[in-house]
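These are my notes from one sitting with a structure. I looked up the overall build and then a few details of the backbone.

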Amino acid sequence: MKSQVSWKVGGQQGEGIESTGEIFATAMNREGYYLYGYRHFSSRIKGGHTNNKIRVSTTPVHAISDDLDILIAFDQETIELNHHEMRDDSVIIVDAKAKPSRPENCKAQLIVLPFTDIAKELGTKLMKNMVAIGATCAIMDLDIKSFESLIANTFGKKGENIVDMNVQALQAGYEAMKEEMTDLKGDYHLEASQSEPHLYMIGNDAIGLGAISAGSKFMAAYPITPASEIMEYMIENLPKVNGAVIQTEDEIAAATMAIGANYAGVRAFTASAGPGLSLMMESIGLSGMTETPLVIVNTQRGGPSTGLPTKEEQSDLMQMIYGTHGDIPKIVVAPTDAEDSFYLTVEAFNLAEEYQCPVIILSDLQLALGKQTVEQLDFSRVEIKRGELLQSDIERDEDDKSYFKRYALTASGVSPRPIPGVKGGIHHVTGVEHSSEGKPSESAQNRQEQMDKRMRKTEKLLINEPVIDDQPYDEADILYIGFISTKGAIQEGKARLEDEGIKVNHLQIKQLHPFPTQIVQEAVDKAKKVVVVEHNYQGQLANILKMNVNVHQKLINQTKYDGTPFLPHEIEEKGLEIAKETEGVVTGGNI
């Protein structure tokens with residue numbers, strides 16, 4: 001038996017590949033297994049290769065697996081594109097309709113089953129996916145009954161006949177596979193899980209749930225991959241708490257609508273990806289200048305221009321920190337997994353109101369759309385902090401006809417913020433430079449005072465957990481630094497390197513701007529080499545490090561920009577290479 005199995009289903013987009021993976025993963029989750037899934041899909045509505053790779057384990061997993069145990073293939077292209085991940089004891093189960101052939105350098109065993117023909121005999125070829133699930137149950141020795149109950153839940157609204165047909169397809173696939181298993185080498189049986197079912201969600205859903213838990217009542221957005229699921233989640237769930245979602249004509253309207261709602265006292269936000277954030281830059285500046293809270297989610301994808309809209313990349317970092325013209329206070333934070341996305345989204349809404357500035361939640365495609373196990377959320381950790389928001393009448397002399405000093409000079413840089421309608425709180429709001437009352441002003445002294453006031457708001461800002469800190473060594477051979485979805489691969493690679501006798505520390509940066517310089521510098525000082533792991537060509541996170549930390553002589557870039565996520569073995573192999581080049585590091589008993 002195995003403690004974990006890596007399973008993948010692939011075919012043409014529009015064939016139900018995603019639903020096949022979803023049914024398999026949901027059943028495994030209900031049995032208490034830990035999961036990490038990642039979808040490869042084309043930037044087309046229909047057609048083009050797509051696959052869903054799911055790692056199933058008896059213990060927590062936070063990264064895509066290096067290799068592949070079982071591949072369910074609905075066409076030859078799936079074999080051609082994915083067999084390189086497989087070993088000689090791995091197995092490909094392919095639909096006979098594909099008329100499959102085994103590639104010359106393919107190590108895996110090949111089993112041909114008539115998925116489509118079996119499904120047709122039972123009523124419709126659409127059920128070939130269920131036949132494939134049945135075959136999976138057979139080879140993994142899974143209890144088919146758990147899948148039957150899931151089918152009943154999934155198709156119950158379509159009638160008893162549809163449920164029965166899908167159950168028959170499941171059973172037929174199971175029996176067909178059993179007949180082909182006599183000569184298989186390899187163990188695909190999972191150990192029984194000792195855990196209860198967990199939450200299983202994509203990062204986008206976790207962000208949506210976090211926004212609702214933070215008290216958000218309004219979202220304005222324009223659909224874009226890979227952010228659209230946040231809007232879809234909010235459309236389904238925000239009305240349940242008397243909130244509303246508006247699909248705008250473009251990202252400019254989305255950002256300005258969110259600013260308007262926040263100005264009125266409603267917690268509001270928007271979400272987009274790189275091209276949409278480019279359109280929002282002027283609005284982000286407006287939020288900073290008017291000191292109006294604004295939360296924006298950026299789910300990064302491959303760029304520039306349309307680029308690789310359905311592939312992994314982390315190349316918006318510099319734009320998020322420095323994209324707006326002029327100087328404004330801005331906060332950029334980055335969750336590291338789906339669970340972290342929930343809590344950090346709540347904190348982002350608090351930060352936006354406490355510091356009265358734009359807060360960008362920087363995600364990426366792997367986190368946004370990759371589905372993973374999430375432990376039970378602790379809602380007692382959710383605390384709403386609205387800062388200097390004034391919601392009741394302000395006591396003022398009846399003869400005082402002056403505007404309220406909305407932008408009053410304060411030691412903290414944060415000024416009292418009355419919502420519209422508060423008696424005594426009338427003030428002027430403009431995007432040009434203004435006085436403490438909000439009236440336009442080009443005075444040199446006022447400009448300097450207001451600029452100093454705005455910028456000192458975030459000078460010493462540290463969020464609750466600016467980094468995820470895993471530093472067991474006072475003198476480390478290697479310090480790995482990453483952000484967003486690279487965490488899992490780094491953690492797994494780190495563990496393998498430690499098994500080789502290499503001392504490895506790890507920081508995952510969650511507060512990207514303002515940068516937590518002192519915390520990172522202390523970690524850098526304890527390491528011989530610093531490896532920055534990121535998905536972009538220029539090494540943007542490494543450059544941010546060099547701007548804030550004395551790290552130049554130690555820094556090594558490990559970048560990947562081919563649209564695919566980092567795998568644990570890539571972290572391990574780079575670490576071994578560095579260790580061999582670093583004097584005094586022992587690897588496998590050799591110096």
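Entry one, surface. The model is predicted, and I began with its outside. The protein chain exposes about 24600 Å². Of that area, 48% comes from carbon and sulfur atoms.

Entry two, burial. I then asked what share of the residues is buried. The figure I found is 58% of the 591 residues in the protein chain. For this I used the cut-off that a buried residue has under 20% relative accessible area.

Entry three, overall form. I looked up the secondary structure and found 18 helices and 22 strands in the protein chain. Along the principal axes, the C-alpha atoms fill a box of roughly 95 × 65 × 40 Å. What radius of gyration does the protein chain have, and what would a compact globule have? The protein chain has 27 Å, and this agrees with a compact globule, because 591 residues would then give a value near 25 Å.

Entry four, contacts. I took the contacts in the protein chain between residues at least 6 apart in sequence. Of these, 74% join residues at least 24 apart.

Entry five, charges. I looked up 57 positive and 85 negative charges in the protein chain. How far apart are their mean positions? They are 3 Å apart.

Entry six, peptide bonds. Most peptide bonds are trans. I therefore noted where the model has a cis bond. One joins T225 and P226, with omega about 5°. P226 lies in the loop that runs between β8 (218–221) and α8 (228–237). I also noted the bond from H513 to P514, which is cis with omega near -5°. I placed P514 in the loop between β20 (511–513) and α16 (517–525).

Entry seven, phi angles. Most residues other than glycine have a negative phi. I looked up K99 and found a positive phi, near 50°, although K99 is not glycine. K99 sits in the loop between β5 (86–95) and β6 (109–113). Is K99 buried or exposed? K99 counts as exposed, because its relative accessibility is 73% and the cut-off for exposed is over 50%.

Entry eight, another phi. S305 is not glycine either, and its phi is positive, near 50°. I found S305 in the loop between β11 (294–300) and α11 (317–322). Its relative accessibility is 66%, so S305 counts as exposed.

How values were computed:
Residues numbered from 1 in each chain as written. Predicted model: local features only at pLDDT ≥ 70, side-chain atom pairs only at ≥ 80, totals over all residues. Heavy atoms only, no water. Helix = DSSP H or I, 4+ residues; strand = E, 2+ residues; numbered from the N terminus. Rg over C-alpha atoms; globule rule 2.2 N^0.38 Å. Buried < 20%, exposed > 50% of the residue type's maximum accessible area, 1.4 Å probe, protein only. Contact = heavy atoms within 4.5 Å. Areas by Shrake-Rupley, 256 points an atom, 1.4 Å probe, with all protein chains shown as cover. Lys, Arg positive; Asp, Glu negative; His and termini not counted. Charge placed at Lys NZ, Arg CZ, Asp CG, Glu CD.
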